Amino acid sequence: MRVGQLKSRMPHPLFLLLLLPLICHGQGPPSGYLTTRTNPLPTAYIPVGVGFTPDVNNLKDGFGTFGAYIGNQNDNAEVYVTCGKKQTNYLNPQMVDSAGAGVHVVCEPSPDRVIVTLDGNAKDYGTWQRDLKNECEMFTCSSEDYPAAGTQIGVMDVKVYYEPKGPPTSSNAPMLVDEKDVKVMSASPEKPETNVCRDKKAGYPSDQATGSVLFANEGKCYKTYDKLSSKIEGSGTFVQVPRWLKPGEKVRNKRSSFYHGEHAPATGTRTPYNFQSITSMDGMNYKDCLTACDVGSVVKYSMHPYAYQMTIRINTQKCNAFRICIAPESHSDDSVVPKCDPQKIIDVNVQSGIVTWPNTGRSSLIELDHPHRDKSYPLAIEFGYGIDINGKQQAEYYIGNDHREIVSSDSMGFSAEDSTKLAFFFPKEDCLAPRAGIFSKNIQHGRTLTKSQSVTMGKPYNLTSQTAITAPQAEVITTTTTIAPVNLPLTTTQAAPRAIPDAAALVGGKDVFETNAGSKALYVEGKWWTWGIYIGFVIGTLLTLGIGAGLFYVLRRTVFAIWYRGMYKRYGCDASGTTGGITGVGFGNTVTGDVTVQGTTGGTTAGASVMGTTGTTGGTTGTSTETSTLLDKTGGGEQKSLAM
């Protein structure tokens, strides 16, 4: 079978023929010619399935606070484990009467995530034909093994380039020779340890059970395939996991800090941006809520001095950002609003997925809110202190989503004592999802600043197992630069913030962040300048046209002199009107047009006489002809006449 004639079918190996120099051959070269001989044809597999094989046995349980804290009533962790929409009354163990609360876990194949069946069995994903015009091309794992390296997989006809041994002449010029039935051999199989399909081939889904894993190397799959979301999220049997989630792990630490290297440079400065936060009590009071805080502009917590994790449920229809202040000033004073240290702030922008860490403003990217998520359902975000990185405990903060992904700070270790005092700031008092709010079993005390008269009081947990923070805590908080976060006004057309990697290291970047004035210059409050540019353009255009037209009118005898002179030469008058139409004025006194009346051709036979009071008049006996001629004497003497 000829490789060039193979039809696309599933499953089949995705390989690349190495024909870059096009030098393969099946017969010997012509006499006196040379070529680099490669027979059989080499091939190489395209690594479409790079990643780690999902460990199904490790995916059925909860991860982080998802399943362990929330959505895990009666040991049922599938509320947040599987894809789709579910109803639950267990978003907060202290508010189990919140019947009808919903959870929406969006699972879309993407280059960074894969879809896998919960039972690990092959699944009918439907038929998704290959279409290079679409933005998303999906693959699944087949049941076919890779052939051993060097296995013949077909033959192919090729054209081979030959060049003479010596200098080319007219009799021995370079040539292309058709080679028939050149063997094509398989390449070395993909490495199972770094392949989503392990030792199986990747192919295109068909209308039968084709594999347990579905993945894509492009985005916008839901937009490309309308029925894909209902296929994946409707059955409740699919799980989405990070593509590079190692076997045995439940959560992947993306560590997508904008700074390169293990730690941020000490010369960096904090990049300030977020929302307008309150600074005065404004008629509000603190109320105890402990583990059931679901309302308030400011929520203060005292945590147990151990590693902890907590879940924040946000109503994204109300707000899309919040701020966490570490060890704020006046944290224990219930008569004032806590004052944040500019270098001890964590800014979480839900919509853009940018998380700005304390001190030097290191930022990370994580998808917290999917564009296809139903906004009527609350969004769950995990926050905590004390994590394991590469098997070692680290005194770092982290933010996580409901797709088994977290991002963490990358400091020298933040103070465990500071981590016990937290203050959450929200743009609005009703940002937290009702009957869900914030929950953690490590909360020692919790109070909320609100105008609401009804606040649910949760119960504390007496945990018998706690993880002490023994990791180094050598991070030194910068105190020489005190740049407070710039409050951004919320508008209906607010654009996503632009994240610039290591912005302070750019040329002139440090000067921009030195003062509050420089920082504010980066963010223009309001949208008046947009209309100003448009109105200025319109007014400027009209003024330009008006001034130009006025100048042309005043100087019309200069600008349009050729046209006016032509009109005068033809008709003998000034068409510009500046001379009142008087002939010859302004163009010299030379008459360029005249009218003459010629005499009679037949003569007069009787004259006229007047004598005294009597007279006799005689008539004419001949004929008289009158001719009017308009002469153009500018044409070199040629006369043109018009009979009248």
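This tour moves through a predicted model, from a pair of strand interfaces to the disulfides and then to one alanine in a loop. Residues are numbered from 1 along each chain as its sequence is written, side-chain values use heavy atoms with hydrogens and water left out, and because this is a predicted model, local features need pLDDT of at least 70 and side-chain atom pairs count only at pLDDT 80 or more, whereas totals for chains, interfaces and linings use all residues.

Begin by selecting strand β16, residues 298-303; helices (H or I, at least four residues) and strands (E, at least two) are DSSP runs numbered from the N terminus. Five of the six residues of β16 are buried, where buried means under 20% relative accessible area, exposed over 50%, and partly exposed in between, with a 1.4 Å probe and protein chains only. Add β25 (residues 421-425), which runs antiparallel to β16 and is joined to it by five bridges; two strands pair if DSSP finds at least two bridges between them. Within this pairing, Lys-300 has Ala-423 as its bridge partner. Next show β27, also antiparallel to β16 and joined to it by six bridges, and look at Met-303, which stands opposite Ile-443.

Now select the cysteines, among which a search of the whole structure finds six disulfides, each a pair of cysteine sulfur atoms within 2.5 Å. Cys-83 and Cys-107 have their sulfur atoms 2.0 Å apart, and the torsion about their S-S bond is about -95°, so this disulfide is left-handed. Both of these cysteines are buried.

Move on to Cys-136 and Cys-221, joined with an S to S distance of 1.9 Å; here the torsion is about 65°, so the disulfide is right-handed. Cys-136 lies in the loop between β6 and β7 (138-145) and Cys-221 in helix α2 (residues 221-224), so the pair ties together parts that are 85 residues apart in sequence.

Then select Cys-319 and Cys-431, whose sulfur atoms are 2.1 Å apart. Cys-319 sits in the loop between β17 (308-314) and β18 (321-326), and Cys-431 in the loop between β25 and β26 (438-439), 112 residues apart. Cys-319 is buried at 3% relative accessible area, and Cys-431 is buried at 0%.

Finish at Ala-468, in the loop between β27 (443-450) and β28 (487-488). Ala-468 is partly exposed, at 41% relative accessibility. Not counting residues up to four places away in sequence, Ala-468 touches Tyr-306 and Gln-393, contact meaning heavy atoms within 4.5 Å.
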